[in-house]
Amino acid sequence: MADPVEPRKSQGLKAKRLLAIDAWIDSSLYDAGFKARELWETLTIFFRRFRVTGWRRAAVELASEAATLGTAGSVVLLALAMPAFEETSKDWRSQGDFAVTFLDRYGNEIGQRGIIQRDSVPVDEFPDHVVKAVLATEDRRFFTHFGIDFLGLTRAMQENVRANSVVQGGSTITQQLAKNLFLSNERTVERKIKEAFLSLWLEMNLTKKEILQLYLDRAYMGGGTFGIAAAADFYFGKKIKDLTLAEAAMLAGLFKAPAKYAPHVNLPAARARANEVLTNLVQGGFMTEGQVLSARLHPANVIDRGNSKSPDYFLDWAFEEAKRVAEKSGMHSMVARTTIDMNIQSAAEESLEYHLRQFGKDYGVTEGAIVVIETNGAVRAIVGGRDYGTSQFNRATKALRQAGSSFKPYVYAAAMESGLTPDYVISDGPISWGGWSPKNYSRGYSGRTTLAMALIKSINTVPVRLAKDHLTTKPIKELAKAMGVESEISSHKTMVLGTSGMTVMDQATGYSVFADNGYAGLRHGITQLVTHSGEVIYDFERDAAKPRRVLSEKALAEMNSILVQIPEIGTARRAALPGIRSAGKTGTTQAYRDAWYVGFTGNYTAAVWMGNDDFTSTKEMTGGSLPAMTWQRLMAYAHQNIDIKPIPGIENPFVSPEVAAKAAEKNKKTAEGEAAPDAGRPPVLSANTTRVLRSMTDLFRTAPMLNIPEKPEKLSAL
C-alpha cells in the first residue's frame, strides 16, 4: 500500500521551488529598477552641468528642433532625389555616332541630325566676347554658384514682379543643361525637383568648364541646329572663332527662345534680342558701353535661307527610325529619304496654332499634337507641340495621354470580329462591373439601342456591357496591339473607356487600319537610306515586312459604316469636310484633361490631341470642339487638288444629297446653328484637272504679246 504522505511532500517541494523562483524574479526586478534609478540620477546630475538658462536655452531648443526637422527633411530629400539620380545611369554623354541628312518626299533637304551637326569646339578656343555674351544673358554668376543661384532667382522674381510678367528666368546654365540632358520640358513640380537635384549632381561630377562646354554643344539654336558652333555655320556661314560681337550677341539671344528669335525667320526680332544681350553685357560689367556701341550700330546680317522652317519634331522621330533601321547595316553616315510632305506639315502646324491662338484661352488649353498618315502608311506630318524652340518634348510620339471615347472603335471592332453587327440591339442602362458603375456623359440612359447608334452617340455603358458580357478585355487589347498601338494597354475593365495612356502616333496608326482595307504594318517615315556614295542600304518597298490583315472585310465594312456617320450626325459634326465623306471618333477624358479627334478619309488619317502639359483640366473642352475643328481645317487643305478615294466599304467618297439631307435634319434638331455639309462634289480639283489648268497657264505665259495700238480708233471714239 502506497504511503499517502509522499505525494503531499512532493507537492510541497514544488511549491517551495515556485516561491523561490517568484522571490528571485521580484528581487531581480527590484534590483534592476533600483540600479536604473541610480543610473538615471547619475546621468541627471551629470547633464545638469550643461543646463543653460535664458537666451542660451532658447538657442539650444531651436538647434534641437532644427536637428530633428533636418533629419526628417534629409530623409524626404533622399526619397525625392532617388528618381532624379536614376537618370544619370544612362549614357548621357554620348550623342551617338550616327550622322543623317534628311530629305522630304520630293528630295529637298529638310534637316540633319547626329554628329554631322558640327564637331565640338573647346570652350578655351571660343572668342572671349562669345562666352561673355552667353554668360551675361543666361547666367552671370555661373562661376560662383553651386548649380542653383538663389541670388539670381531672387533678382529674376523682382524683375518679373516689377514688369507684371515673366521677363527673366531664374534657371542657371547648370539647370538648363540638366533639363537638356535628362528631362523633358513638361512644366510639373516633379520635373523641377529632379532638375534641382541633377544640377547639384552635375556640379559635383563635372567642372564648370565641362558644364559650359556641354551646354554650348547640346542647346537647340533654331533652324534645326544643335550647338552654338552649328548655329554659327547655319546663320552666318562662319566658324565660331570668326564671329563678331554683333553675331555673338545674336546667337546668345537664341538660348531663351530659338524659334521666336531665329534670324532666318524673323531678323528684326533677332536684332532686337541681340541688342538686349549687348545691354546685358554692359549691366553685368562684362563690357563697357563704348565696347558694344559698334555692335549696336552695325547689327549682324545672316545668310539668306528664305523662310525655311525645319520640321524638327518629325526629324527627331525619323532620326530614331533611321537608327533602328540602319543598325544592322553597320552604316552610320547616310542620307534618309523620308515621307514628310512639307505642305501638309505646314498646314498641320498652322491649323493647330490658329485654333490655339483663337480659342485656347477660352477653353483653357495651351498645347496640342497632330500626326497625319497617308493611306499607304507614309507619315506625312508630325506636330509635337506649338514651339520646338520652347519645348523639344515630342507630344505626338512620346506623351502618353488617356484616349477617352476615341478608344471605343477598338472595342466595337473586336465586337464586329466576334460576330456582332451594327444593328445588334443592346441595352443602354445602368451597369455595374466589380464595383465600377460608369455613367454616360449626359448622365441619362436611352434604353434599348443598336451598336451603331451607341457608337455614334458615344454612349459609355454599351462598350462596358460588350466587354463584360460578350468579349472580356483580352481580345480588345490584342486587337489594339495588332492594329499598331505600341503603348501598353491595360487589361483592367476600365480600359474600354480609354483610361490607358496612348500617343498621338498610336491613334493615327490604329485608325489608319480602317482607312487601309483592314491591313496593319504599313506605317513608315523612311522610304530609303542611302550612303553618300549612292548605295541603297534600305528600301521600304524591298526590305520592310509585308502588311498583314488584322480586320476582316466584314468587320471593316461594318465599322466604317458606323464611323462615317459620326461627322455627319454624331459628336464630330465640326469635323465634317465640305462635300467629302470622312469618318472618325471624338474623345474626351475625365475632368476634361484631354480632348481628341481621330478621323480618316480614303486618302489620309489624322489624329489630333489637345490638352495641357501639367495635366490641368481644360474649360470643358471636348473632342468635338477644338480638336475636330483643327482636324477639319487641316484635312480640307490636304484634300485640295487630289483624286478623292472612297473609304473602304463606302461606295461614294462624296457627300450624296441623301446623306446631306440626313445630316441637315439632324443638325436642325440637335445643333445650335451648325451648318450641314454641302451636297455633291467637293469644291476641289482632281489631279488631272490641275495638270490641264497648269499647262494652260504655261501656254498663256509663253504666248506672244498682242500688238495693240496705244490709242485705238474705236476706243478713242468711245
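Let's start at strand β11, which covers residues 526–530 and is joined to β12 by 3 bridges, the two strands running antiparallel. Within this part of the predicted model, you can pick out glutamine 528, which stands opposite aspartate 539 in β12.

Now step back to the sheet that holds this pair. Five strands make it up, and following them across gives the order β2-β1-β3-β11-β12. The sheet is open, and its pairing is mixed. As a reminder, strands of a sheet pair through backbone hydrogen bonds, and they do so either parallel or antiparallel. At the edges you will find β2 (109–114) and β12 (536–539), each of which pairs on one side only. Moving from one strand to the next, the twist averages 20°.

Next, look for the helix that packs on this sheet: α13, residues 312–326. Helix α13 touches β1 (99–103), β2, β3 (333–338), β11 and β12. Its direction makes about 60° with that of β2, the edge strand at 109–114.

With that region in view, zoom out to the whole protein. There are 26 helices and 16 strands to find your way through. Of the 718 residues, 48% are buried. How much area does the protein expose, and what share of it comes from carbon and sulfur atoms? The exposed area is about 36,700 Å², with carbon and sulfur supplying 55%.

Finally, consider how the chain meets itself. Taking contacts between residues at least 6 apart in sequence, 72% join residues that are at least 24 apart.

Definitions and conventions:
Residues numbered from 1 in each chain as written. Predicted model: local features only at pLDDT ≥ 70, side-chain atom pairs only at ≥ 80, totals over all residues. Heavy atoms only, no water. Helix = DSSP H or I, 4+ residues; strand = E, 2+ residues; numbered from the N terminus. Buried < 20%, exposed > 50% of the residue type's maximum accessible area, 1.4 Å probe, protein only. Contact = heavy atoms within 4.5 Å. Areas by Shrake-Rupley, 256 points an atom, 1.4 Å probe, with all protein chains shown as cover. Pairing = 2+ DSSP bridges. Axes fitted to C-alpha atoms, helices over the stretch in contact; angles between N-to-C directions.
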